[in-house]
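Trainee: I have a model open and would like to talk it through with you. Could we start with how the helices pack and then move on to single residues?
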Amino acid sequence: NDLKYEIGELSAVFCWLLLANGFLAFALNCIVVLILKTTSAVTLSLAGIFRDIILVSSSVVIFNSPITSLQIIGYSIALAGLNIYKEYKRDPESIKTFLLYIYNTFISKSTNRSSHDSSDNIHGQTTDDLELETLVTKS
């Protein structure tokens, strides 16, 4: 017989493992409720992203797990998003300024201006810039 445990012992071990798993799941749900009461669902979601980044990084360091360049790019974007959210919570105006800079530097120059009117107003801003500024200030 290759079984390490007798049937009675196996069922007792299984019951303890099942109870421990149920207790941990219940504790996790209680912690989630407490986090949602004090913060927001966005914070909980971002904490999950941070946890995923830590798990993947640990797996690479400890177990030498392979990681693709697409995964590196994806987690880099997620990490940048975490930092942007943290900065937004600290100083919303700085993020609005940063987003306007990114839009004006990279996005508005790459769009085809001939397909729509983007005439300058008296402040030197184009109508596209004003539309973005309106969108950012509404948020």
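Trainee: At roughly what angle do the axes of helix α2 and helix α3 cross?

Mentor: Bear in mind that this is a predicted model. The axes of helix α2, residues 41-63, and helix α3, residues 69-90, cross at roughly 140 degrees and come within 10 Å of each other.

Trainee: Why are α2 and α3 called oblique to each other?

Mentor: Antiparallel would need an angle over 145 degrees, and oblique covers what falls outside the parallel, antiparallel and perpendicular ranges; with a crossing of roughly 140 degrees, α2 and α3 are therefore oblique to each other. As for handedness, the crossing in which α2 passes α3 is left-handed.

Trainee: Which residues make the contact?

Mentor: From α2 the contact takes Val-42, Thr-43, Leu-46, Ile-49, Phe-50, Asp-52, Ile-53 and Val-56, while α3 contributes Tyr-75, Ala-78, Leu-79, Leu-82 and Tyr-85. Sorted by class, the contact of α2 with α3 has eleven nonpolar residues, one polar and one charged.

Trainee: Stepping back, how many helices and strands are there in the protein?

Mentor: The protein has five helices and zero strands, and along the sequence the pattern reads α-α-α-α-α.

Trainee: And what share of the residues is buried?

Mentor: Of the 139 residues in the protein, 11% are buried. The protein exposes about 11100 Å², with carbon and sulfur atoms supplying 68% of that area. If you look at contacts with a separation of 6 or more, residues 24 or more positions apart account for 44% of them.

Trainee: Switching to single residues, where is Ile-84, and what is it in contact with beyond its neighbours within four places in sequence?

Mentor: Ile-84 sits in helix α3, and once its neighbours within four places in sequence are left aside, Ile-84 is in contact with Ile-95 and Phe-98. The C-alpha atoms of Ile-84 and Ile-95 are 7.2 Å apart, although eleven residues separate the two along the chain.

Trainee: Why does Ile-84 count as partly exposed?

Mentor: Its relative accessible area is 34%, and partly exposed covers values between the buried cut-off of 20% and the exposed cut-off of 50%, so Ile-84 falls in that class.

Trainee: One last thing: what is phi of Asn-64 near?

Mentor: Phi of Asn-64 is near 55 degrees, which is a positive value in a residue other than glycine. Most residues other than glycine have a negative phi. Asn-64 lies in the loop between α2 and α3, and with 63% relative accessibility Asn-64 counts as exposed.

Notes:
Residues numbered from 1 in each chain as written. Predicted model: local features only at pLDDT ≥ 70, side-chain atom pairs only at ≥ 80, totals over all residues. Heavy atoms only, no water. Axes fitted to C-alpha atoms, helices over the stretch in contact; angles between N-to-C directions. Helix = DSSP H or I, 4+ residues; strand = E, 2+ residues; numbered from the N terminus. Parallel < 35°, antiparallel > 145°, perpendicular 65-115°, else oblique. Left-handed = near helix turned anticlockwise from the far one by under 90°. Contact = heavy atoms within 4.5 Å. Nonpolar A, V, L, I, M, F, W, Y, C, P; charged D, E, K, R; others polar. Buried < 20%, exposed > 50% of the residue type's maximum accessible area, 1.4 Å probe, protein only. Areas by Shrake-Rupley, 256 points an atom, 1.4 Å probe, with all protein chains shown as cover.
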